[in-house]
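Me: I would like to learn how to read a few features of a protein model. Can we take them one at a time?

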Amino acid sequence: MDWYEEDVKAAVAERQSCPYEPKTIFYGSSSIRLWSKLYEDFEEFKPVNLGFGGSTLAACIWFFDRIVSPVRHPKTFLLYAGDNDLGDGRHPEEVLIFFREFMIKLREHYPQIPFYYISIKPSVSRIEIIDSIKQTNSLIEEEIHRRTGNDYFINIYDKMIGNNGKPIATLFQDDGLHLNRDGYMVWREIILNECLLERKQ
């Protein structure tokens, strides 16, 4: 886990420099970390961006106490992770196991707050593992539906697939992996409609 250190330090600094007590935690990999307008997009929900680049679900568990747990009274938690697990060669069933372990860690600290898992995106650069992405999303969605807690699945996958069944290239940066502003606007609309607006206090 040592190679995450610089990004983890940056995530900790992000939390510490937040000018308010965060109410909405965004946690996970670089798709969260690189959301440059996240604070603007969700301003009224007092978000904090605790993403760190390259993170897997295992890394999200490992660094949870250090990065996230000092946030004392969040109202909502959103996670994007699992993408890099598959990119590293993990099988969908392995990703599900790590997801279950993450949920144990999350509920140790925040037993009641609404939790939203953002589905793994279909990306141009990982088209060769698209079937694994779909299978992992299905496994985690089924797992969430079986749970009796305040847990929800946000499907961003379908809105990022074109009529040809392939990822919509115009939603990505040149690397075909990370989102551009258009991609983030798709995510923003889905997250607001399915998650935050209905829980606005």
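Me: Start with the cysteines. Is Cys18 buried or exposed?

Reply: This is a predicted model, so the values are computed from its coordinates. Burial is judged from relative accessible area, and a residue under 20% counts as buried. Cys18 has 13%, so Cys18 is buried. Cys60 is buried too, at 0% relative accessibility.

Me: How many disulfides does a search of the whole structure find?

Reply: Zero. The criterion is a pair of cysteine sulfur atoms within 2.5 Å, and the search finds no such pair anywhere in the structure.

Me: How do I read a charged residue? What does the side chain of Asp41 make a polar contact with?

Reply: Take location, accessibility and partners in turn. Asp41 is found in helix 3, residues 38-41. Its relative accessibility is 6%, so Asp41 counts as buried. The side chain of Asp41 makes a polar contact with the side chain of Arg181, at 2.8 Å. Leaving out residues up to four places away in sequence, Asp41 touches Trp35, Arg181 and Arg188.

Me: And Asp7, for comparison: where is it found?

Reply: Asp7 is found in helix 1, residues 5-17. With a relative accessible area of 24%, Asp7 is partly exposed. Beyond its neighbours within four places in sequence, Asp7 is in contact with Arg33, Phe52 and Gly53. Asp7 and Arg33 are 26 residues apart along the chain, and their C-alpha atoms are separated by 9.2 Å.

Me: Next, the aromatic rings. How is a pair of aromatic rings described?

Reply: By two values, the distance of the centres and the angle of the planes. The whole structure holds 26 aromatic pairs. In one of them, Phe52 and Phe63, the ring centres are 5.7 Å apart and the planes stand at 85°, so the pair is edge-to-face. Phe52 lies in the loop between strand 2 (47-51) and helix 4 (57-62), while Phe63 lies in the loop between helix 4 and helix 5 (64-67), so the pair ties together parts 11 residues apart in sequence. Phe52 is buried at 0% relative accessibility, and Phe63 is buried at 4%.

Me: What kind of aromatic pair do Phe77 and Tyr110 form?

Reply: A tilted one, with 6.4 Å centre to centre and 45° between the planes. Phe77 lies in strand 3 (residues 76-80) and Tyr110 in the loop between helix 7 (92-109) and strand 4 (115-118), so this pair ties together parts 33 residues apart in sequence. Phe77 is buried at 0%, as is Tyr110 at 5%.

Me: Which residues touch the most other members of the largest nonpolar core?

Reply: The general idea is that nonpolar side chains tend to be buried together in soluble globular proteins. Here the largest nonpolar core has 68 residues, and Tyr27, Ile67, Phe77, Leu79, Phe102 and Ile191 touch the most other members. Helix 9 (residues 181-196) gives this core its largest share, eight residues.

Me: Last, the whole chain. How many helices and strands are there?

Reply: The protein chain has nine helices and five strands. Its radius of gyration is 16 Å, close to the 17 Å that the globule rule gives for 201 residues, so the chain is as compact as a globular protein of that length. The C-alpha trace spans about 45 × 35 × 35 Å along its principal axes. Of the 201 residues, 54% count as buried. Among contacts between residues at least 6 apart in sequence, 74% join residues at least 24 apart.

Technical notes:
Residues are numbered from 1 along each chain as its sequence is written. This is a predicted model: local features need pLDDT of at least 70, side-chain atom pairs count only at pLDDT 80 or more; totals for chains, interfaces and linings use all residues. Side-chain values use heavy atoms; hydrogens and water are left out. Buried means under 20% relative accessible area, exposed over 50%, partly exposed in between (1.4 Å probe, protein chains only). Helices (H or I, at least four residues) and strands (E, at least two) are DSSP runs, numbered from the N terminus. A polar contact is a pair of N or O atoms within 3.5 Å; within protein, one must be able to donate a hydrogen and the other to accept it, and residues adjacent in sequence count only if both atoms are side-chain atoms. Contact means heavy atoms within 4.5 Å. Rings of Phe, Tyr and Trp (its six-membered ring) pair if their centres lie within 6.5 Å; planes under 30 degrees apart count as stacked, over 60 as edge-to-face and the rest as tilted. A nonpolar core is a set of buried Ala, Val, Leu, Ile, Met, Phe, Trp, Tyr and Cys residues joined through side-chain atoms within 4.5 Å. The radius of gyration is taken over C-alpha atoms; the globule rule is 2.2 Å times the number of residues to the power 0.38.
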